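Me: I have a model open on my screen and would like to learn how to read its features. Could you walk me through it?

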Amino acid sequence: MAEFEKGDDQLRRIRTNGQNLTHLRFADDIALVARNPRTAIQMIQELIEMCGKVGLRMNTNKTKVIRNVFASKSPVNITHKNVTTRIEAVNEYVYLGYPTKITNWS
C-alpha cells in the first residue's frame, strides 16, 4: 500500500466526518482524492512506484480524473520510464460497479 502522508501531507488529505481521507480501495480498484492536480500527480507517481515494487502495474489507460467545478483544469500528466501520459478527464465513471458523478455546486 502506498503511503501518501509524507512530506506535503496537508495537501494530501481531505477531512471528512472527523477522519482524514487519502484513498479508498477495494480489490484492484482505487480512488485517490487530492486537492489539486500537482498533489494528484504526486500520489499517482507514488502509487505507480509502489505497485512496481510488488510486481504490479497500473494501467494509466484506465485511470481517470474527475473534478468538481472548483477544481483547477490543469492537466494531470504522469511520467513513468521516460513516457508521459495525460490522464483523461471525465465527468463520470463507474467505481466498484456504481456510476460516480461529481455534483457541481453553484
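Reply: Happy to; we will look at a pocket, a core and two residues in loops. Keep in mind that this is a predicted model.

Me: Let's start with empty space. What volume does the second largest pocket have?

Reply: Rolling a probe the size of a water molecule over the atoms shows where empty space is left. Here the second largest pocket has a volume of about 270 Å³. Its lining has 13 residues, and the closest to the pocket centre are Ile 48, Arg 57, Met 58, Thr 60 and His 80.

Me: Which elements give two or more residues to that lining?

Reply: They are helix H1 (37-53), strand E6 (77-80) and strand E7 (83-86). H1 supplies the largest share, three residues.

Me: And by class, what is the lining made of?

Reply: Six of the lining residues are polar, five are nonpolar and two are charged.

Me: Now the protein interior. Which residues make up the largest nonpolar core?

Reply: To read a core, look for buried nonpolar residues joined through side-chain atoms. In this model the largest one has nine residues: Ile 44, Leu 47, Ile 48, Cys 51, Met 58, Val 65, Val 76, Ile 78 and Ile 87. H1 gives the largest share of this core, four residues. Take Val 65 as one member to click on: leaving aside neighbours within four places in sequence, Val 65 is in contact with Val 76, Ile 87, Glu 88, Ala 89 and Val 90.

Me: Let me try a loop residue. Is Thr 63 buried or exposed?

Reply: Compare its relative accessibility with the 20% cut-off for buried residues. Thr 63 has 16%, so it counts as buried. You will find Thr 63 in the loop between H1 and strand E5 (64-66).

Me: What does the side chain of Thr 63 reach?

Reply: It reaches the backbone oxygen of Asn 59, at 3.0 Å. Not counting residues up to four places away in sequence, Thr 63 also touches Met 58, Ile 87 and Glu 88.

Me: Where is Arg 67 placed, in terms of E5 and E6?

Reply: Arg 67 sits in the loop between those two strands. With a relative accessible area of 18%, Arg 67 is buried too.

Me: Which backbone oxygens lie by the polar side-chain atoms of Arg 67?

Reply: There are entries for two serines. The backbone oxygen of Ser 72 lies 2.4 Å from a polar atom of the Arg 67 side chain, and that of Ser 74 lies 2.9 Å from one. For distance along the chain versus distance in space, try Arg 67 and Ala 34: they are 33 residues apart in sequence and 9.8 Å apart, C-alpha to C-alpha.

Technical notes:
Residues are numbered from 1 along each chain as its sequence is written. This is a predicted model: local features need pLDDT of at least 70, side-chain atom pairs count only at pLDDT 80 or more; totals for chains, interfaces and linings use all residues. Side-chain values use heavy atoms; hydrogens and water are left out. On a 1 Å grid over the protein atoms alone, a cavity is a set of points where a 1.4 Å probe fits but cannot get out, and a pocket is an open set with protein on both sides within 12 Å along at least five of seven lines; lining residues have an atom within 4 Å of a point. Grid points are joined across faces, edges and corners, and a volume is the space filled by probe spheres set on the points. Ala, Val, Leu, Ile, Met, Phe, Trp, Tyr, Cys and Pro count as nonpolar, Asp, Glu, Lys and Arg as charged, and the others, Gly among them, as polar. Buried means under 20% relative accessible area, exposed over 50%, partly exposed in between (1.4 Å probe, protein chains only). A polar contact is a pair of N or O atoms within 3.5 Å; within protein, one must be able to donate a hydrogen and the other to accept it, and residues adjacent in sequence count only if both atoms are side-chain atoms. Contact means heavy atoms within 4.5 Å. A nonpolar core is a set of buried Ala, Val, Leu, Ile, Met, Phe, Trp, Tyr and Cys residues joined through side-chain atoms within 4.5 Å.
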